[in-house]
Amino acid sequence: MTATSAGRYVGAAVRIDQINAEPQLRSAILRDCGSITPEIHMKWDSLQPERGVWNFAPADGLASFARTNGLKVRGHALLWDQSTPGWVRDQLKATPNSWNHISRYFGTVMNRYRNAVDEWDVVNEPIDTEGGVNGLRKTVFYNAYGSSYIERALHEARFRAPTARLAINEYGLEYDNPVDEARRVAMLRLLERLRQNGVPIDVVGIQAHLDLGKGAPHGAAINAFFSVIADMGLKIAITELDVKEVSASGAVSTRDQRVADHVRAYLDIVNAHPAVMGVTTWGLSDRHSWLQNQPVSPTVNAARLNRGLPYDANLRAKPMHSTLHQAMTDAELAAVTTR
Ligand code: XIL
């Protein structure tokens, strides 16, 4: 079932090597998803690891898989500090006034994937309220161009792909703590600035890397945050949903139920907002989850797998799977009865 609620999609971050090697994973994607996000293939260090060296094959493979199967692709991500190749970092430092690197890169990539990608994460993770300047992260782009790199990137993206939706994608916006609160405020300030200056932006991507250790998702704060975003005329995409739970105690079945309940609570909050277009999980199976590589406290058994995605490491659906799809179906029914 490709779950949609009020036209909402369900998606997942995927890799073409894994899809090709694992028929079960491939079937799960085709069963569950209307949209996919390349987990790594469309990052700059994957597409252009060296100056003059293009590595299009994995992203091309994914685009063709999507086309064959009628899936939409979220292009992820044009500018992200962490996936910027070393040679680009060097260039930006050497010639900080030149925008050529960015415009050429956007031109090549956005043109190549113009038929596959309907939404681009143009700027990924621009917010930093702890070590940043006025809430903005001191990325390699910030250091080269100042805060206006965000405006310039969005204008460039609109020019290169006039029909694609353009997004800013960010994490750390879900919970009731001072850092998340400051990050929500900083994000709204940034969006206000962009709207006031007529900068092209269509979507706010909410990564939603959830964490059982952070308490319940902060419904009131999320509602206020999403309402302001919607009032600006912007859409919202949940782009990287997963749940960190590796420190949770109890039997596997208990942990899995807690993850499912947490996801349900979060989705019921976000799905109440008509601006939310869809929900993408950051992977489908625990086998491939990036959470397995996240640092854990020394008290946690290092061999323990984090169980934060819809399928376990053997591709068996967990409670999170039925909960996710049920939450989307329920939201659709609610939308139909209130129409
Ligand atoms: C992660 C991938 O899952 C890893 O495989 C890769 O090594 C690093 O990036 N926020 C993002 C994603 O926007 O691109 C990141 O993905 C996870 C955090």
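**Reading the ligand site**

User: What makes the pairing of Glu125 with the ligand a polar contact?
Analyst: In this predicted model, an N or O atom in the side chain of Glu125 is 3.2 Å from a nitrogen atom of the ligand. The cut-off for such a pair of N or O atoms is 3.5 Å, so this one qualifies as a polar contact.

User: Which distances put His76 and Glu240 in that group too?
Analyst: An N or O atom in the side chain of His76 is 2.7 Å from an oxygen atom of the ligand. For Glu240, a polar side-chain atom is also 2.7 Å from a ligand oxygen. Both values fall within 3.5 Å, so these are polar contacts as well. As for cover, the protein buries 77% of the 410 Å² that the ligand exposes when taken alone.

User: Why do Trp80, Trp282 and Trp290 count as being around the ligand?
Analyst: Each has a heavy atom within 4 Å of the ligand, so they are listed around it, along with others including Lys43 and Asn124. The shell splits into four nonpolar, four polar and four charged residues.

User: How confident is the predictor, by pLDDT?
Analyst: The protein averages 95, and 97% of the residues score at least 70. Residues 1–5 are below 50.

How values were computed
Residues are numbered from 1 along each chain as its sequence is written. This is a predicted model: local features need pLDDT of at least 70, side-chain atom pairs count only at pLDDT 80 or more; totals for chains, interfaces and linings use all residues. Side-chain values use heavy atoms; hydrogens and water are left out. A polar contact is a pair of N or O atoms within 3.5 Å; within protein, one must be able to donate a hydrogen and the other to accept it, and residues adjacent in sequence count only if both atoms are side-chain atoms. Accessible areas come from the Shrake-Rupley method with a 1.4 Å probe; for residues, only the protein chains shown count as cover. Ala, Val, Leu, Ile, Met, Phe, Trp, Tyr, Cys and Pro count as nonpolar, Asp, Glu, Lys and Arg as charged, and the others, Gly among them, as polar. pLDDT is the predictor's confidence in each residue, from 0 to 100. Contact means heavy atoms within 4.5 Å.
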